Each structure stands twice: as C-alpha cells, then as structure tokens.
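Colleague: Would you please take a single part of this structure and describe it closely, with its surroundings? A connected account would serve me better than a list.

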Amino acid sequence: MKLTDHIPVLLVGAGAAGVSAAIWLDDFDVSFAWIDASGSVGGILTRVHNRIDNYPGDSFDDGTALARKLQAHVQQMDLALRPARLKYVELSDDGLVAELETEDRLVEIAPDRLVLATGTKYRRLQVPGEKEGLGRWVSQSAMADAPRFAGRPVAVVGGGDSGFENALVLAGHGCQVTLLLRNPEFRARPAFVRKVREHDLISIAPIPSTIERIERSGDGCRLFIDERGSATRLEVAAVFVRIGVDPVIPDGCEQLSTDDGGFIVVDESAQTSADRIFAAGDVTATSLRSVATSVSDGARAARSCAESLGIL
C-alpha cells in the first residue's frame, strides 16, 4: 500500500502500544498504514536503561533489549513500518486529513480512522544552556551516564521516583549528589525517600531550589540557582534532569480532550473525544505507564477501530 492510497487506518507510533496495535489490526484483517518518525520499533523504550522485570513472560536487560524483541516479532509478521512524521491533522465533520512528512516529500492522506500511539518525551527545564549541554554535562538518565561521572559531584533535578532513583544510582557510583527540588512534598515512593535521606553521599538543597541557567565550566558545568529567593551557584560534573514526561500530541489535535497534564483522555474503548481518533499507551491519561498497560491499550484501540469500521 502506498501512503497516497485509501487507508482505513493510520497508525502513528512504534513503541509498545504501536506494535501491539499493529499486531492486532493485522490479526483483525484491518488494512492500515503504520508510521513512526524514527522509522524503527521501540519509541521511548530505547531510552530505558534499567532492567525490565515486570513484563509477564520474560525479563530484559533494558528497554533496547525489549525493543529488539518487538522488532523481531514485527519482522516475523511482515508488518511494514514506514519512516514518516505526522506533521498535521485536520479534523472536520467530513472526516480526517493527515499531512505526513517523509524523507523527501509531504504526503496528504485521508484515513478513515487514526490511532495515536505517539508516547511521551522527557520534560526539560527550558533554561539557557540546557540544550547546548544535552548529552555532555546535561543528562536525562543516570542509568546510562552514571559511569561517566563516577566519583564526581553531580546534581539531580526531580522529586518523583525517577529523580530519587537517579540520585541513588549516582551515589552508588561514588558521586556526591545534590538533589534540587521545587516542592517540599516529595512525589517519590517512601522507600526511595528513606534511602535518599539515609545515604551519606546525597544531600537535599534548601527547598525550593530551581535552576535558572546552566553554563559550561571546565569539563563540567556551573548551575545558577534560585535557592529560596537567593541566587547561588553550584559547580558539578553534570546535572541530571528527571522532572517527568510530556505527551507527544501532533499539531491539529489540540481540540482533543486532555487531562491537566495534557495527556489525551480516552474511554474504555480507547476512543478520544473525536469520533474517528483513538489513542493508546503513554500518550493517554492513565494511572500507570508501563509496557504491560501500553500493550493492552494498543490491542483495545485496534479492536475498537475494527468494530467502528464494521469489520468485527
């Protein structure tokens, strides 16, 4: 099928939810086009560097290992994933129009149904110097980068599970960790909070402490911090930013109902507030973001598409 042909379903995203939706659409004999901006299977899984032991049936050293397993399944089923970005969606009473950006051109199609499995992206501080330091002295994963900074002073931003867990991982590599928080009410699970408070290599800066600027300093960086209204500086080898995730929602889908965090609200059939659009996985409003729930969401969205098209 060419992207310019009539398409009953356009599936966007190739993480766990997207792969599951593709498998089930194929199983239900629904014709569909499947795209992902990267052109490869995995989504945010490729940025998960810790072990995955809570997915039934197997354990994986990291997200990349699971992504390889998903890729093998996709190849076994001969499912075609095309490299393309959903640039814009136009919703009207007459249906959907989607503009896709491929490697060499823009393509406009009118799918009968759209499944968004576009996932999330790591939230950034959005302060001067952050973008320039990404991958160097600004990191989004202690699991990936802690060995590079072993035994050196670092800072971690984030009061949730990932922030506290990153602090513990870095301390495990001998780093002197300063935890920078905006809210005195920690969102991390109690076990993480207790371990952080008890660890000799981890200190919590006066709350609130917010980074206003990041500047290169030697082979590390200098953080300009607003600490309870007073300006301070902190010299570290790196700063680890773990302040949550934002949903990846294509342009033109702003009218879809979302929760306070901007995640797409769906009903029990994965239906969004728009009749022809379904959503699955981490992009949706859910109490738990995991591989298991994403796989379930993808299957449910595929079945709902098949039913709405009169195939089931």
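Modeller: A helix here is a DSSP run of H or I with at least four residues, and helices are numbered from the N terminus. The model is predicted, and the part I have chosen is helix H7, residues 291-308. Just after H7, Gly310 takes a positive phi of about 80°. The helix itself has 18 residues, and at 1.5 Å a residue they should span 26 Å; the end C-alpha atoms are 26 Å apart, which agrees with that expectation.

Turning to burial, the residues of H7 that count as buried are Val291, Ser294, Asp297, Gly298, Ala299, Ala301, Ala302, Ser304, Cys305 and Ala306. In an α-helix there are 3.6 residues a turn, so residues three or four places apart point the same way. The buried residues of H7 pack against two helices, H1 (16-27) and H2 (63-76), and against strands S1 (9-12), S7 (113-116) and S18 (277-279).

The packing with H1 can be described further. The axes of H1 and H7 come within 7 Å and cross at roughly 35°, and this crossing is right-handed. From H1, the residues that take part are Ala16, Ala17, Ser20, Ala21, Trp24 and Leu25. They meet Val291, Ser294, Val295, Gly298, Ala299, Ala302 and Cys305 in H7. By class, the contact of H1 with H7 has 10 nonpolar and three polar residues, with no charged residues. Among these H7 residues, Val291, Ser294, Gly298, Ala299, Ala302 and Cys305 are also buried.

How values were computed
Residues are numbered from 1 along each chain as its sequence is written. This is a predicted model: local features need pLDDT of at least 70, side-chain atom pairs count only at pLDDT 80 or more; totals for chains, interfaces and linings use all residues. Side-chain values use heavy atoms; hydrogens and water are left out. The expected span of a helix is 1.5 Å times one less than its number of residues. Buried means under 20% relative accessible area, exposed over 50%, partly exposed in between (1.4 Å probe, protein chains only). Contact means heavy atoms within 4.5 Å. Axes are lines fitted to C-alpha atoms, for helices over the stretch in contact, and angles run from 0 to 180 degrees between N-to-C directions. A crossing is left-handed if the near helix is turned anticlockwise from the far one by less than a right angle, and right-handed if clockwise. Ala, Val, Leu, Ile, Met, Phe, Trp, Tyr, Cys and Pro count as nonpolar, Asp, Glu, Lys and Arg as charged, and the others, Gly among them, as polar.
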